[in-house]
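Please examine the sequence and the model shown here before reading the report.

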Amino acid sequence: MNSVTGMIFIAVGLAFNVLGCIGMIRLPDIYNRLQASTKCVTMGTCMVMIGVMISSGFLHSAQLSARCIICMVFILITAPTAAHALAHGAYSFGVKLWEKSVVNRYEEDFPKKSTDQDHA
Amino acid sequence: MKQAAMFLLLLLLWVVLVWPFAVTGGRVHLAAMELVPGVIVALLVVLIMRHSIPEGFKVWINPVRLFWFVVYAGVFVFYVIKANFDVAYRIIHPAMPIHPGIVKVKTTLKTRAGIAMLSNAIALTPGTLTVHAEENGDLYVHWINVKATDVDGATGYIVRRFEWLIKRIME
């Protein structure tokens, strides 16, 4: 029973990971692609971890469960931070938004000539 | 004091990762030799990082804040799941219904840790990703489906969900 539930969790997690990869290809610019990769891959990987924990039994293998929980916490902290760093770096480098983007307040407040300033 | 706290935290992380416990015949044995590299590494990290340990870690030793952190964790997980279905829908829909743009939002959070926590929460919630954060609380957020282009409207959509919780946790 546990292994079936765990397999279902792992399968759903992998499906979300695949969706994140499809999003990386389909979406038009780096910012939208980062959104897809950050969100889908974060939850997909967390669901794989939960599936591993369930299929191996939570307390039956406490070592594995503890490692899975630490992995999940690190992914939840580092994935959005890395996405923010990539988006900020891409913007500082001058990567344009998709041409059908609705609004860009950042460019209004920090015009292009100020991109050499360090906004870290 | 804060160096000691960080050392203990790192050592705890090491123990959980290495798991130097062995159960034989109902008794738990601790393999002390496996702790030695952990102690060395934790000491090295504390020595190298001693000037960049954040000051405000003592606020965590407070049951009220921990309670609000548990509430925050629940709200956070709910929005992460919602975000995934939202983004997945936009990806697999043939017409790709996205209206992206960068909007400006204002937060009333004061501490750097609070603003960082809010930025992280924004990056994992439906359709938003922090591109730039100012010290005074202005955040520039990439939004995959812009519903309001003005500062107040966007703040209402993006920031209000988490701001009141993070204010109770961090400030």
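The report below covers the fold of chain A, its interface with chain B, the domains of chain B and the cysteines.

## Model and fold of chain A

The structure is a predicted model. Chain A contains four helices and zero strands, and its pattern along the sequence reads α-α-α-α.

Of the 120 residues in chain A, 43% are buried. Among the contacts in chain A with a separation of 6 or more, 59% join residues that lie 24 or more positions apart.

## Interface of chain A and chain B

The interface brings 43 residues of chain A into contact with 44 residues of chain B. The size of an interface is often expressed as the accessible area lost when the parts come together. For chain A and chain B, the buried area is about 3,700 Å², and carbon and sulfur atoms contribute 71% of that area.

Which elements of chain A supply at least two residues each to the side that touches chain B? They are α1 (2-26), α2 (30-56), α3 (62-93) and α4 (105-109). The largest share of this side of chain A comes from α3(A), with 15 residues.

With regard to polar interactions, twelve residue pairs are in polar contact across the interface of chain A and chain B, both residues of each pair being at pLDDT 80 or more. By contrast, the rule finds zero salt bridges across the interface of chain A and chain B.

## Domains of chain B

The domain assignment divides chain B into domain 1, covering 2-53, and domain 2, covering 79-170. Taken over C-alpha atoms, the centres of domain 1 of chain B and domain 2 of chain B are separated by 37 Å.

## Cysteines

A disulfide is a covalent bond between the sulfur atoms of two cysteines. How many disulfides does the structure hold over all chains? The count is zero.

Why does Cys21(A) form no such bond? The closest cysteine sulfur to that of Cys21(A) belongs to Cys40(A) and lies 9.2 Å away, which is too far for a bond; the cut-off for a disulfide is a sulfur pair within 2.5 Å. The same reasoning holds from the side of Cys40(A), because its closest cysteine sulfur is that of Cys21(A), at 9.2 Å.

The surroundings of the two residues can also be stated. Cys21(A) counts as partly exposed, because its relative accessibility is 46%. Cys40(A) is buried, with a relative accessible area of 0%.

How values were computed. Residues are numbered from 1 along each chain as its sequence is written. Chains are lettered from A and ligands numbered from 1 in the order in which they are written. This is a predicted model: local features need pLDDT of at least 70, side-chain atom pairs count only at pLDDT 80 or more; totals for chains, interfaces and linings use all residues. Side-chain values use heavy atoms; hydrogens and water are left out. Domain bounds come from an automatic or database domain assignment. Buried means under 20% relative accessible area, exposed over 50%, partly exposed in between (1.4 Å probe, protein chains only). Contact means heavy atoms within 4.5 Å. Buried area is the accessible area (1.4 Å probe) that two parts lose on being put together, summed over both. A salt bridge is a side-chain nitrogen of Lys or Arg within 4 Å of a carboxyl oxygen of Asp or Glu. A polar contact is a pair of N or O atoms within 3.5 Å; within protein, one must be able to donate a hydrogen and the other to accept it, and residues adjacent in sequence count only if both atoms are side-chain atoms.
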